[in-house]
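Q: I've got a model open and I'd like to learn how to read it feature by feature. Can you walk me through it?

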Amino acid sequence: MRQPFNPQPGLNVIPIEKISLPLKSRDELPPILAGLQWIWTHPTLQQEIFALLEAKIVAGKKATGRPGMELWQILVLGVVRLGLDADWDRLEHMANYDTLLRQMLGVAETTWGGEAKVFNHQTLRDNVALVDAPLLQRINSLVTASGREVFRKKESAPLEALAIKVDTYVLETDVHFPTDLNLLWDAGRKCVDLIEKYRDQFGYELPHWRKAKDWRRRLKGLERITGKTVFGGGAHKEDRVRQAVREYLAVARELSAKVSASLLGLCEQTVAAEHWEGLAYFQGMLDKHIDLVDRRLLQEEKIPAAEKIFSLFEPHTEWIAKGKQRPTVELGHRLLVATDQHHLIQDYDVPVGQVDVDQSVAVADRLLGRYGAGSLASLSFDKGFTRTEDRALLSLYIPEVVMPKRGKKTAEEAARESEKKFVALRRAHSAVESDINALEHHGLNRCLDVGLEGYLRYVGFGVLAFNLHQIGRELLEQQRARSETLPAAA
């Protein structure tokens with residue numbers, strides 16, 4: 001039976017609320033742990049988060065069997081992984097050997113000669129993956145709503161109205177730069193790899209693949225020769241390109257026919273559905289890119305964007321050109337972040353297949369729906385979000401809307417954008433760029449999880465880790481200030 005946390009910890013377990021965190025450490029872990037400790041000691045937040053975790057992970061399951069990883073441990077490990085930009089190997093090491101983290105996980109201190117609790121690599125992966133993106137969005141909304149109290153100057157003072165700054169950047173997927181030539185190679189090699197795996201590991205009958213290594217070698221050699229010819233120079237380039245492409249496609253078509261025969265052979269055997277579907281997917285991608293290469297390089301046809309795919313392994317990846325000099329193109333998805341004056345990310349979204357100009361009303365609607373009318377003092381965007389009718393609509397509900405116009409301005413628009421309040425908010429908008437830079441250096445630069453669902457979960461944990469880092473850093477700073485005043489008062 002999985003529990004939120006151990007209700008009866010041993011005497012050698014330090015209570016989480018009594019864990020002593022270093023005040024002078026410059027490492028990134030103590031502020032994150034301070035934020036997690038704040039959740040644990042908050043009068044209502046802990047129970048609200050546990051209720052959400054239980055509804056997602058525990059609901060509908062029998063209260064029997066072996067105890068799974070505690071919900072608190074799942075939350076802590078997911079946050080620490082993104083907060084430190086750690087891979088699973090580093091997270092496994094820290095979960096088993098970092099004393100401070102193990103105290104936050106509620107793990108007992110090991111006595112001399114005793115057996116220590118061990119977190120296995122696959123256990124970490126499987127349990128953190130139980131949390132999904134919608135759940136993390138709800139947890140983030142609870143954390144940021146309560147986190148505003150941490151930055152209040154006086155306990156009796158009312159909460160400040162939010163000064164929101166909105167921007168997007170591209171969180172890349174973990175893919176190589178795509179060309180139709182190397183995607184054709186990817187499809188071919190995966191077909192051969194899977195056939196070898198199914199034959200050797202699962203014992204499926206797949207004859208006539210004695211020269212699998214030679215197929216891989218031939219296809220890779222022709223892919224390199226074709227790539228050098230297409231992207232290189234020299235005399236009679238057009239003729240040489242056509243010859244190289246024909247040879248490359250001839251071997252690819254021969255391989256595709258051989259894989260198709262193996263797929264028919266698998267149909268006659270008792271094969272797991274995921275195995276057959278995996279091979280069928282890559283064989284389909286092989287045929288698709290044979291067609292694309294033929295049409296582009298031999299028939300000189302311009303391929304429509306809708307037919308292109310930018311990764312066989314992360315097919316949801318988008319090709320995004322934001323008009324920058326470097327890099328000119330980014331592969332991933334836009335990540336929208338809305339930060340407040342305390343650098344907390346109050347709202348975020350991954351608008352797959354959408355552009356910035358369509359997001360301004362949506363983000364304002366989510367924030368007003370969460371905090372109510374009058375909760376937003378200002379809302380600022382950059383020029384990529386500008387739309388006249390959206391600015392007029394938002395101005396009905398928010399006192400100050402900063403949405404600079406692109407292109408030539410009328411005298412009225414120039415006067416409005418020259419107002420003192422507008423200029424001040426426009427200058428303050430650059431703070432969101434600092435927050436984006438911090439996100440990129442704390443895990444949200446390139447997504448290492450697989451699939452769109454993994455991508456969205458990765459974003460959710462990254463934003464939660466960032467917010468807890470900001471809250472924890474403020475709490476440690478307050479505690480440090482109090483500790484410095486104690487000797488003087490005495």
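Q: Which unit do strand 5, helix 13 and strand 6 make, and what is its hand?

A: Keep in mind that this is a predicted model. Strand 5, helix 13 (residues 388-394) and strand 6 together make a β-α-β unit, and it is right-handed.

Q: What joins strand 5 to strand 6, and which way do they run?

A: Look for bridges. Three of them join strand 5 to strand 6 (residues 400-402), and these strands run parallel. For a landmark, find Ser378, which stands opposite Glu400 in strand 6.

Q: How many bridges join strand 1 to strand 5?

A: Four, and here too the strands run parallel. Strand 1 covers residues 162-173. Within it you can pick out Ile164, standing opposite Leu379 in strand 5. One general idea to carry along: side chains in a regular strand alternate between the two faces of the sheet.

Q: Why is strand 5 largely enclosed by the rest of the structure?

A: Go residue by residue and ask which ones fall under 20% relative accessible area, the cut-off for buried. Strand 5 spans residues 376-380, and four of its five residues are buried, so the rest of the structure largely encloses it.

Q: What about the loop between helix 13 and strand 6, where Leu396 is found? Is Leu396 buried or exposed?

A: Exposed: the relative accessibility of Leu396 is 65%, and the cut-off for that label is over 50%. Leu396 also belongs to a nonpolar surface patch with Leu393 and Tyr397, and together they have about 340 Å² of accessible area.

Q: Where is Val357 found, and is Val357 buried or exposed?

A: Val357 sits in the loop between strand 4 (345-349) and helix 12 (360-371). With 16% relative accessibility, Val357 counts as buried.

Q: Which residues is Val357 in contact with, beyond its neighbours in sequence?

A: Skip everything within four places in sequence, and you get Gly384, Phe385, Thr386, Arg387, Asp390 and Arg406. For a distance check, take Phe381: Val357 is 24 residues away from it in sequence, and their C-alpha atoms are 9.9 Å apart.

Q: On to charges. How many salt bridges does the structure hold?

A: The general idea is that side chains of opposite charge can pair when their charged atoms come close. This structure holds 28 salt bridges. One of them is between the side chains of Lys56 and Asp132, at 3.0 Å from N to O. That pair links distant parts of the chain, 76 residues apart: Lys56 is in helix 2 (residues 45-58), while Asp132 is in the loop between helix 6 (121-128) and helix 7 (133-147). Lys56 is partly exposed at 40% relative accessibility, whereas Asp132 is buried at 15%.

Q: Which parts does the salt bridge of Arg446 with Glu172 tie together?

A: The closest N and O atoms of Arg446 and Glu172 are 3.1 Å apart. Arg446 lies in strand 7 (residues 446-447) and Glu172 in strand 1, so the pair ties together parts 274 residues apart in sequence. Arg446 is partly exposed, at 31%, but Glu172 counts as buried, at 19%.

Q: How far apart are the closest N and O atoms of Arg218 and Glu254?

A: They are 4.0 Å apart, and the pair forms a salt bridge. It links helix 9 (residues 212-231), home of Arg218, to helix 10 (residues 237-267), home of Glu254. Both ends are partly exposed: Arg218 at 32% and Glu254 at 43%.

Q: Which residues are linked in a network of salt bridges?

A: Try selecting Asp186, Arg189, Asp193, Glu196 and Arg216, which are linked in such a network.

Technical notes. Residues are numbered from 1 along each chain as its sequence is written. This is a predicted model: local features need pLDDT of at least 70, side-chain atom pairs count only at pLDDT 80 or more; totals for chains, interfaces and linings use all residues. Side-chain values use heavy atoms; hydrogens and water are left out. Buried means under 20% relative accessible area, exposed over 50%, partly exposed in between (1.4 Å probe, protein chains only). Helices (H or I, at least four residues) and strands (E, at least two) are DSSP runs, numbered from the N terminus. Two strands pair if DSSP finds at least two bridges between them. A crossover is right-handed if, with the strands pointing away from the viewer, the path from the first strand over the helix to the second runs clockwise. Patches are made of residues with over 30% relative accessible area and no salt bridge: like charges are joined within 9 Å, nonpolar side chains (Val, Leu, Ile, Met, Phe, Trp, Tyr) within 5 Å. Accessible areas come from the Shrake-Rupley method with a 1.4 Å probe; for residues, only the protein chains shown count as cover. Contact means heavy atoms within 4.5 Å.
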